[in-house]
Amino acid sequence: TNGSNGFTVTVNNPPLSGPHVAGTTNALNYVEVIASQTQKTLFMSLFSPNPATVAARAVGYLQNSPGCIFTMSPTAADSLYLNGVLIFLNAPQCAIYINSNNNVNALGAGFITSIQAKSIGIVGNPGYSSGLFSSINPRPVGGIVPVSDPLAYLNPPCGACGCLPSHTNVVATSGMTLSPGNYCGTLVAGVPHAAITVSNVAGVTFQSGTYMLNGGGVANAAALASGGLSISGVAAGVTGTGVTFYLMNGASFNITGFGTRLTAPGPAAPFAGILIYQDRSDASPASIGNFLSFIDLEGAVYLPAGNLLFPTAFTGTVTNNSIFVANTIQFVGVLGLFQDYTKAAGSGGTSPIKSVALVE
């Protein structure tokens, strides 16, 4: 502790010496710590002043985390589950973290399925099971310490997120441009409606910014996207660059529309790298992908209390630069889910999830 027992602790950002001083690349991502203390000497006191100062120095670097799949449930069986045939999760640059303490099947793989990752860590030990002709590479490491919420630093953009009638149960039409703001989903004849619905229309554009979707407290496990965001059918040309969807109060999302491309905001935005942020108190389930769907989601999809489903029957789903943090994640179907993580945000771009490395 600085100032106690003769200790002096100095923190410099960026470092004042070494290869990462001000003016060098990413200098502000480096922090230098110098700790020193006065110590009495025994033999050295014969030749030099007594006491002497002893010091140590270290430099830490804030880097992109390699993690891009996190399941947060502490106990769930099949917390990460490839439940089908010929499902391929190709994630060679992605670290997978599974918080379930289930010792048998926190991670499960079905018949002729494959997982390729940078690393796989499971709280349960060994914590995984695989079906016939399935492969999991590398071999998962069981018995890890539970991983804390990697996006716990996020703060909700609003409180109640009320909205005007014009932003309630919005149904997009072809060629429509939607603007950021507060949207609400409500019950209509006893049926929950999404705050924003895009179905079988083309050319819908989400302008850059944050969309707050209030589900009105209508959570419905049987109706994905209750009160939230629903993109389905042949929704060709549904795009949004620099967008964040914040879901609360029972809202969730269902993105199954063919030809959907959504990209999270860049580093200077309030929710940099965050594409979907479902409130931590909102346990509504969500889904991505469906029959013959092509979906490109770039950014973090975050629903730590909700279960994320990939209904992949006869699907080719491509998600570049995606990060998934959910209570559980399940891929269901046959003939192909293809995830390309070769450009994953955690391995080369700007990831909203960080880790600290000791570099000096």
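Contact, as I will use the word this morning, means heavy atoms within 4.5 Å. With that in hand, we can start at Leu 308, which, leaving out residues up to four places away in sequence, touches Phe 253, Ala 286, Ser 287, Ile 288, Leu 303, Phe 324, Ala 326, Thr 328, Ile 329 and Gln 330.

Before going further, a word on what we are looking at. This is a predicted model, in which local features need pLDDT of at least 70 and side-chain atom pairs count only at pLDDT 80 or more, while totals for chains, interfaces and linings use all residues. Residues are numbered from 1 along each chain as its sequence is written, and side-chain values use heavy atoms, with hydrogens and water left out.

Now the overall picture. The protein has zero helices and 29 strands, where helices (H or I, at least four residues) and strands (E, at least two) are DSSP runs numbered from the N terminus. Of the 360 residues in the protein, 47% are buried; buried means under 20% relative accessible area, exposed means over 50%, and partly exposed is in between, with a 1.4 Å probe and protein chains only. The protein exposes about 15500 Å², of which carbon and sulfur atoms supply 60%, the areas coming from the Shrake-Rupley method with a 1.4 Å probe, and for residues only the protein chains shown count as cover. If we take the contacts between residues at least 6 apart in sequence, 62% of them join residues at least 24 apart.

Let me return to Leu 308 and its surroundings. The largest nonpolar core has 71 residues, and those with the most contacts inside it are Ile 96, Phe 206, Phe 253 and Leu 308; such a core is a set of buried Ala, Val, Leu, Ile, Met, Phe, Trp, Tyr and Cys residues joined through side-chain atoms within 4.5 Å. Strand β27, residues 295-311, gives this core its largest share, namely eight residues.

Next, the cysteines. How many disulfides does a search of the whole structure find? The search finds one, a disulfide being a pair of cysteine sulfur atoms within 2.5 Å. Its partners are Cys 68 and Cys 94, with their sulfur atoms 2.1 Å apart, and with -140° about the S-S bond the link is left-handed. Because Cys 68 lies in strand β4 (residues 67-71) and Cys 94 in strand β6 (residues 88-98), the pair ties together parts that are 26 residues apart in sequence. Cys 68 is buried at a relative accessible area of 1%, and Cys 94 is buried at 0%.

Just before β4, in the loop between β3 (52-64) and β4, we find Ser 65. Is Ser 65 buried or exposed? Ser 65 counts as buried, because its relative accessibility is 7%. Its side chain reaches the backbone nitrogen of Gly 67 at 3.0 Å, and although Ser 65 and Ile 353 are 288 residues apart in sequence, they are 5.6 Å apart in space, C-alpha to C-alpha.

A second serine, Ser 252, sits in the loop between β22 (243-248) and β23 (253-255). It counts as buried because its relative accessibility is 1%, and its side chain is joined to that of Gln 278 by a polar contact of 3.3 Å. A polar contact here is a pair of N or O atoms within 3.5 Å; within protein, one must be able to donate a hydrogen and the other to accept it, and residues adjacent in sequence count only if both atoms are side-chain atoms.

Asn 327, in strand β28 (residues 322-334), also makes a polar contact, its side chain meeting that of Asn 307 at 2.9 Å. Apart from neighbours within four places in sequence, Asn 327 is in contact with residues including Thr 71, Met 72, Ser 73 and Ser 79.

Finally, consider how strands sit together around β7. Four of the five residues of β7 (residues 107-111) are buried, so this strand is largely enclosed by the rest of the structure. Strand β5 (residues 80-85) runs parallel to β7 and is joined to it by four bridges, and two strands pair if DSSP finds at least two bridges between them. β7 also pairs with strand β9 (residues 128-130), in the parallel sense, over three bridges. Ala 109 of β7 is the bridge partner of Leu 82, and Ala 109 stands opposite Ser 130 in β9.
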